[in-house]
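Okay, everyone, thanks for coming. Let me put the structure up, and then I'll walk through how some of the pieces pack.

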Amino acid sequence: MNANLYSLLAAHFPGDPHAPCLILPDGRVWTYGDIERASARMANMIVALGLKPGDRLAAQVEKTPEALVLYLASLRAGTVFLPLNPAYQRQELEHFLQDATPGLFVCRPPMRALADELAAAAGVAQVLELDDAGRGSLIDAAAPHADEFATLPREKSDLAAILYTSGTTGRSKGAMLSHGNLAHNARTLHEYWHFQTGDVLLHMLPTFHVHGLFVACHCALLNGSAMFFEPKFDAARAMNLLPQSTVMMGVPTYYVRLLLDPGFTRDTCRRMRLFISGSAPLLRETFDEFKSRTGHTILERYGMTEGGMFTSNPYDGERRGGTVGFPLPGTAIRIVGAGGTPAKTGEVGGIQVKGENVFLGYWGMPEKTREEFTADGFFKTGDMGSWDTEYYITISGRSKDLVITGGLNVYPKEIEELIDALPGVAESAVIGLPHPDFGEAVTAVVVWQKNAEGKALSEDGIIAAVKDRLANFKVPKWVYLVDELPRNAMGKVQKNLLRQEYSARPSR
Ligand code: AMP
């Protein structure tokens with residue numbers, strides 16, 4: 001059987017080739033027929049350029065229909081797609097090109113000179129351009145080719161993509177994802193979230209990341225659905241498009257921003273069936289406010305580059321705020337407590353996963369890959385979490401963010417939740433900073449709500465407010481008040497940056 005992911009998706013495209021696939025901000029529509037023909041032309045071009053199945057194809061481009069078509073063409077031609085965040089600069093690009101040695105690098109025109117230089121140094125044979133309006137030498141090169149292409153057969157274990165991890169800790173590693181990995185997750189999510197006839201997806205996520213490219217696009221394509229394909233999140237655009245949509249996927253920040261608009265109401269969401277959140281923790285406060293404002297219960301799920309989605313709150317059952325729900329069908333999860341034994345209910349431990357969706361390993365890093373898998377084939381996610389009595393999972397943070405103070409473990413989330421609940425606090429991030437006595441000192445970086453009435457609490461006030469609710473060793477030794485927390489493109493707080501910045505503060 002042909003396990004090419006494109007063949008699976010295409011088998012579910014609507015019978016009518018005129019059915020809309022992508023609806024653009026200016027009203028232009030790409031039909032499913034357009035997608036098939038454009039991806040065929042581009043796949044023919046990839047083959048004509050001499051790329052063989054298994055060769056890498058890197059793209060550092062903005063989100064456009066042509067960029068999505070490039071991904072689909074890469075699947076069809078059997079090459080391994082490597083999407084790169086357009087924000088990456090010289091040093092990062094150099095690492096990706098040297099590490100993955102793609103046969104073709106597609107860049108944005110302003111990056112051309114740098115791309116040529118780095119490509120020559122890394123032995124990348126070809127560089128083409130795709131601009132932010134979907135034009136460029138890539139499109140010119142594909143234009144003369146036939147608009148039919150027999151999608152190449154692939155095995156489940158053949159690579160479809162390499163996604164570099166967002167690197168909030170240390171150097172970014174290339175996660176190898178196979179056609180089988182992606183297909184398994186796509187099918188599972190499509191079914192678990194009840195994708196159905198008539199669904200329209202509001203797509204505002206970037207497409208260089210697992211969330212926007214795989215989770216969102218695969219669900220819609222597998223459903224033959226239309227997507228409002230927006231270049232980025234914009235609350236005003238979302239307000240316009242939500243009344244015509246049924247499903248939205250977003251990072252928590254999107255929901256926070258929607259709630260800032262007093263015009264965002266039940267009526268805005270009258271056609272909506274499902275709001276999904278992930279990639280970073282959704283604050284309980286956002287979950288609750290969203291429900292009271294719109295009547296919708298956001299469905300929170302959890303996963304990562306190294307395997308797509310692992311858990312989800314249920315579609316039909318109770319969606320529990322502050323939790324990421326249950327293991328998805330086909331994904332085994334265990335939580336390993338101190339000493340390597342299974343964690344008891346409520347006990348925080350390391351989350352490990354196994355399933356057809358879990359990646360094959362890190363590109364060119366067999367040692368690292370071996371370290372990250374257990375002898376019986378579970379991947380150590382690096383996330384800490386716990387089960388409750390009904391098997392809902394709660395994430396407590398990354399193990400690397402664990403604070404060890406005086407030899408005792410402190411899970412940042414426990415402290416963050418207490419601080420977040422204080423009047424006037426918008427959010428907080430708890431980190432460990434080097435301390436001469438304790439090894440690390442619990443430190444809280446706190447953001448006030450924008451329109452909070454008077455900044456009620458001082459740094460010392462925050463410490464005093466949580467003091468009698470926490471064991472002494474968990475009480476922050478230092479508190480910093482800031483206007484905002486540093487976040488990466490997916491809304492994750494970059495604790496590594498906070499650690500760097502505050503370790504260097506001379507004031508302590
Ligand atoms: P990425 O590989 O960029 O998708 O990042 C994956 C990481 O994001 C996970 O390992 C988690 O630490 C975090 N993450 C994803 N979804 C959630 C969630 N719903 N709640 C808390 N953390 C999450």
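Let's start with a question: is the crossing in which α4 passes α5 left-handed or right-handed? It's right-handed. Keep in mind that this is a predicted model. The two helices here are α4, residues 90-100, and α5, residues 112-122, and they pack at an angle of about 35° with their axes 9 Å apart. As for who touches whom, on the α4 side we have Arg90, Leu93, Glu94, Leu97 and Gln98, and they meet Leu114, Glu117, Leu118, Ala119, Ala121 and Ala122 in α5. If you sort that contact by class, you get 7 nonpolar, 1 polar and 3 charged residues.

Now a second helix pair. Helix α7 covers residues 179-192 and helix α8 covers residues 210-222; their axes come within 9 Å and cross at roughly 70°. That angle is why we can call α7 roughly perpendicular to α8. The crossing of α7 and α8 is right-handed. From α7, the contact takes in Leu182, Ala186, Arg187, Leu189 and His190, and across from them in α8 sit Phe214, Val215, His218, Cys219 and Leu222. The split for this contact is 7 nonpolar, 2 polar and 1 charged.

On to the sheet. It's an open one with 9 strands and mixed pairing, and the order goes β2-β1-β10-β9-β11-β12-β13-β14-β15. The edges are β2 (29-31) and β15 (326-327); each has a single partner strand, so one side of each is left without a neighbour in the sheet.

Let's zoom in on one strand pair. β1, residues 20-23, and β10, residues 226-229, run parallel and are joined by 2 bridges. So you can find it on screen: Leu22 has Met227 in β10 as its bridge partner. Helix α3, residues 65-77, packs on the sheet and touches β1, β2 and β10, and its direction makes about 20° with that of β2. Then there's helix α2, residues 32-48, which lies across β1 and β2 and runs at about 75° to β2.

Last bit, zooming out to domains. The domain assignment gives us domain 1 as 5-12 + 28-177, domain 2 as 233-398 and domain 3 as 402-503. How many Å separate the centres of domain 2 and domain 3? Taken over C-alpha atoms, it's 23 Å. And at the contact between them, 13 residues of domain 2 touch 11 residues of domain 3.

That's my tour, so over to you.

Note on methods
Residues are numbered from 1 along each chain as its sequence is written. This is a predicted model: local features need pLDDT of at least 70, side-chain atom pairs count only at pLDDT 80 or more; totals for chains, interfaces and linings use all residues. Side-chain values use heavy atoms; hydrogens and water are left out. Axes are lines fitted to C-alpha atoms, for helices over the stretch in contact, and angles run from 0 to 180 degrees between N-to-C directions. Helices (H or I, at least four residues) and strands (E, at least two) are DSSP runs, numbered from the N terminus. Angles under 35 degrees count as roughly parallel, over 145 as roughly antiparallel, 65 to 115 as roughly perpendicular and the rest as oblique. A crossing is left-handed if the near helix is turned anticlockwise from the far one by less than a right angle, and right-handed if clockwise. Contact means heavy atoms within 4.5 Å. Ala, Val, Leu, Ile, Met, Phe, Trp, Tyr, Cys and Pro count as nonpolar, Asp, Glu, Lys and Arg as charged, and the others, Gly among them, as polar. Two strands pair if DSSP finds at least two bridges between them. Domain bounds come from an automatic or database domain assignment.
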